[in-house]
Structure formats: C-alpha cells, structure tokens
Amino acid sequence: MPTVGSESPPGQWQAQQQAEDLVVSTPERVSFTYDTATLGSRFLAQFLDLLVLGGAAAALSAGFAVLLATVPQLQTAEAWIVTAWLVVIFAAVIGYFPVSEAVWSGKTLGKLVMRLRVVDARGGPVSVSQAIVRNLVRLVDFLPFYYAVGAVTMFINQRGQRLGDLAAGTVVVRERRAVSLPELILASQRTAAAAPAPGPPSPTATGGRRLEPALKRFVAAYAQRRWQLQPELRAQLAARAAEALRAAMPEMVTAHGPLAALERLADEEQP
C-alpha cells in the first residue's frame, strides 16, 4: 500500500521498515510499500520447490536406469553414466533457484504458487547477479539442518531477510495480481487521449474521489503492476496521464508532480 509525500531528500534512495512492510522512497518524494513475505509462506514455497527438484531427480534417475537396461552396450560404461547422472542432478539442484529467479523476475515454481517474488531491497526487480549471490549463500542458510541459520536470521531481521538476502540486497515480498506491461502502457495512452476538459468529473470514484472512467481504469491497472516497474517507467507512465491526473488532483500535481498523484490514487485503489 503506497504512501505519498515522503520526507526523504531528493536524489537519494531510502528504504525503511514499518511493521512487516518494506517502504521505499524515490527521489521524486514518492513512497510505495511492499508486503514482505511471512516465514511460513517462504517455507511452503521452499518445500514446493524441493518437491519439484525431487520429482525431476526421480525422473532423471528413472531415465538413466531405463537407458542402461535397454542399451546393453552402455553397461560397459556404467561408471561414466553414473558420473553423468550425478553431474546433471548437481547442476539441476544448484542452478534451479538462481536461474528461475533471474529469468522469471524473482520467482520459482514454489514462489509462483505461494504468490511470492524476490525484489531488490530498494524496490526494483531483482538482477541476475543478485539472484546468483542470494542462492550461493543459501548453502550457509541451510546449515546446520534445513535452513536453521536462515530461519534465525529471518526472525532477527525485520524484513524477513535470510543471509542470502542480506548479501544480495534482496527481499521476498507478497505479490498482487498484475496486468501485463503492454496493457498498462495502453491504459496510460487511453487516459492521455481521454483527458477531461475543465468541468465536473464523472461519478467514477476511487477512495472517495470522482475520476474519469479512463483514468479510473489506468489507476486500477497501475496499482496492480507498479511493484514490478522501475522508477523511470513509473514517471513516464505518470507523465503520459499528466493532464488527467491534474484534473483529478490539481494541488497534488502542482506541488509534487504527476507521479505523486498517480501513486496516491493507486494507494486509494488498493488500500
């Protein structure tokens, strides 16, 4: 649930913790909030991922066994076949988490089911290097048995970060349903085209405000997607809808700019 009007100095990123939320402030003096993932939901996601890995390992093992049984010539190279099997299993276990999070915007299959996502601690999408670092340190978090070190660290840390998250500068957050980026851009274009002329707004309301229908749809789409958007793209989308935002919140746009107004409306859309 974003909040607007942060007192952070311009030109500097700040991140702070309030209860179980990650609050991020941008140079435009706009703050937005992520709900950090609970320990229980993270362990359930981890358990589901381990089930996926176990199933994949079982399938690979069965495949190698069938290969040895059906191709007698390979039995003379059984030691090499077993070595290849071990290498494949090791690569799958080690690579599953960093590859999934790097190419799938911070998600694994377990996180997808539990609606979780890894993000940068400053609020942006997780990078490839961050995905690699947080999963390399996973080996330490796992010690001495099934994430004992990681669990203790998450309890102590207010953002629920394990050692891997602290090393990589990442946070696991709860994900809301999101629209696609093309849909969001199209909504901003329609809002700009439907910017209202001076006069009373339509009866469509958000948080007690009366908004034009096109702006209402754009705000709803933006509220669902904004957690995944870089600050530059947020500003661009707000600029496209600046006239409609100015008509809805003239004082906010004049004082803080269209992005602040858009964030406030999105906050009211998803309290």
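**Notebook: helices, enclosed spaces and backbone exceptions**

I began with helix H4, where I find Gln130, Ala131, Arg134 and Asn135 buried. These four cover an arc of only 120 degrees around the axis, which puts them on the same side of H4. On the face turned away from that buried side I noted Val128 and Leu136, and both of these residues are exposed. I keep in mind throughout that I am reading a predicted model.

Next I went to H1, which runs from residue 39 to residue 70. I counted 32 residues in H1 and a reach of 46 Å from its first C-alpha to its last, which is close to the 46 Å expected at 1.5 Å a residue. I then looked up which residues of H1 are buried, and the list includes Ser41, Arg42, Ala45 and Gln46, followed further along by Asp49, Leu53, Phe64 and Leu68.

**Pockets**

Which helices supply at least two residues each to the lining of the largest pocket? I found that H1, H2 (78-103), H4 (128-136) and H5 (138-141) each do so, and that the largest share, 4 residues, comes from H2. The volume of this pocket comes out at about 290 Å³. Of its 14 lining residues, the closest to the centre are Val93, Ile94, Asn135, Arg138 and Leu139. I note that Asn135 in this group is also one of the buried residues of H4. Sorting the lining by class, I get 11 nonpolar residues, 2 polar and 1 charged.

The second largest pocket holds about 160 Å³ of space. I find 11 residues around this pocket, with Ala37, Thr38, Leu39, Met154 and Gly160 lying nearest its centre. Its lining divides by class into 4 nonpolar, 5 polar and 2 charged residues.

**Cavities**

I then searched the whole structure for cavities of 30 Å³ or more, and the search returned 6 of them. The largest cavity contains about 170 Å³ of space. Which residues lie nearest the centre of the largest cavity? Of the 13 that line it, they are Arg42, Phe43, Gln46, Arg138 and Arg162. H1 gives the most to this lining, with 5 residues, and I recall that Arg42 and Gln46 are among the buried residues of that helix. Arg138 had already appeared in my notes, as one of the residues closest to the centre of the largest pocket. By class, I record 6 nonpolar, 1 polar and 6 charged residues in the lining of the largest cavity.

**Backbone exceptions**

I checked the peptide bond from Leu143 to Pro144 and find that it is cis, with omega near -15 degrees. Pro144 sits in the loop between H5 and helix H6, which spans 148-156.

Two residues other than glycine caught my attention for a positive phi. Ser105 has a phi of about 55 degrees although it is not a glycine, and I place Ser105 in the loop between H2 and helix H3 (109-114). With a relative accessible area of 33%, Ser105 is partly exposed. For Arg115 I read a phi near 60 degrees, again a positive value in a residue other than glycine, and this residue lies in the loop between H3 and strand E5 (116-120). Arg115 also counts as partly exposed, at 39% relative accessibility.

**Strands E5 and E6**

From Arg115 I followed the chain into E5, which pairs with E6 in the antiparallel sense over 5 bridges. One of the pairings I looked up is that of Asp120, whose bridge partner in E6 is Thr170. Is strand E6 enclosed or open? I find that 4 of the 5 residues of E6 (residues 170-174) are buried, so this strand is largely enclosed by the rest of the structure.

**An exposed phenylalanine**

My last entry concerns Phe90, which lies in helix H2. Is Phe90 buried or exposed? At 57% relative accessibility, Phe90 counts as exposed, since the cut-off for that class is over 50%. I also looked up the separation between Phe90 and Ala57, which are 33 residues apart along the chain, and their C-alpha atoms are separated by 9.5 Å.

Key. Residues are numbered from 1 along each chain as its sequence is written. This is a predicted model: local features need pLDDT of at least 70, side-chain atom pairs count only at pLDDT 80 or more; totals for chains, interfaces and linings use all residues. Side-chain values use heavy atoms; hydrogens and water are left out. On a 1 Å grid over the protein atoms alone, a cavity is a set of points where a 1.4 Å probe fits but cannot get out, and a pocket is an open set with protein on both sides within 12 Å along at least five of seven lines; lining residues have an atom within 4 Å of a point. Grid points are joined across faces, edges and corners, and a volume is the space filled by probe spheres set on the points. Ala, Val, Leu, Ile, Met, Phe, Trp, Tyr, Cys and Pro count as nonpolar, Asp, Glu, Lys and Arg as charged, and the others, Gly among them, as polar. Buried means under 20% relative accessible area, exposed over 50%, partly exposed in between (1.4 Å probe, protein chains only). Two strands pair if DSSP finds at least two bridges between them. The expected span of a helix is 1.5 Å times one less than its number of residues. The arc is that of the directions from the helix axis to the C-beta atoms.
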